[in-house]
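Please open the model in your viewer and keep the sequence panel beside it, so that each selection can be followed in both places. The tour moves from a single residue to the whole chain and then to a patch on the surface.

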Amino acid sequence: MNLTRRGRFLLLGLPTLAALAFLLLGAMMLATSLLNQAQASSAEAPGVEAQVITVGAGDTLWSVANAVESEERTQVLIGQIAELNDLSSSELTPGQELFVPVD
């Protein structure tokens, strides 16, 4: 069976080009993922001054935010504490260390 130039390109060239594009896309996604992990590993948000507090038994985000000496409203402080510590829920465990913003 003799293939024309166009036939060889369709049979061999296009799958090769598609595989190379797929590998390049995968490499770019991997590199981006590694860069994001490196940035996310910093201890606190840049430009935010914070202190570390240890959660006690019965503490809630509300009680922690109320204990902070700040002119900021408690609800705003709760949001800042959750963001600083990358909290996905409001549940705290005794002994947990939290970054709390300082004025």
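Is Asp86 buried or exposed? Select Asp86 in this predicted model, and you will find that Asp86 is exposed, because its relative accessible area is 71%, where over 50% counts as exposed. To place Asp86 along the chain, look at the loop between helix 3 (74–84) and strand 2 (97–101), which is where this residue lies. Turn next to the backbone at this position, where Asp86 has a positive phi of about 50° although it is not a glycine. Most residues other than glycine have a negative phi.

Now switch to a cartoon view of the whole chain, in which 3 helices and 2 strands can be picked out, and follow them along the sequence in the pattern α-β-α-α-β. If you colour the 103 residues of the chain by accessibility, 16% of them count as buried. Show the surface as well: the accessible surface of the chain comes to about 8100 Å², and 59% of this belongs to carbon and sulfur atoms. Among contacts between residues at least 6 apart in sequence, 59% join residues that are at least 24 apart.

For the last stop, select Phe9, Leu10, Leu14, Leu17, Leu20, Phe22 and Leu23, which form a nonpolar patch on the surface and together have about 750 Å² of accessible area. Within this selection, centre the view on Leu10, which lies in helix 1 (residues 5–40). Leu10 counts as partly exposed, because its relative accessibility is 49%.

How values were computed:
Residues are numbered from 1 along each chain as its sequence is written. This is a predicted model: local features need pLDDT of at least 70, side-chain atom pairs count only at pLDDT 80 or more; totals for chains, interfaces and linings use all residues. Side-chain values use heavy atoms; hydrogens and water are left out. Patches are made of residues with over 30% relative accessible area and no salt bridge: like charges are joined within 9 Å, nonpolar side chains (Val, Leu, Ile, Met, Phe, Trp, Tyr) within 5 Å. Accessible areas come from the Shrake-Rupley method with a 1.4 Å probe; for residues, only the protein chains shown count as cover. A salt bridge is a side-chain nitrogen of Lys or Arg within 4 Å of a carboxyl oxygen of Asp or Glu. Helices (H or I, at least four residues) and strands (E, at least two) are DSSP runs, numbered from the N terminus. Buried means under 20% relative accessible area, exposed over 50%, partly exposed in between (1.4 Å probe, protein chains only). Contact means heavy atoms within 4.5 Å.
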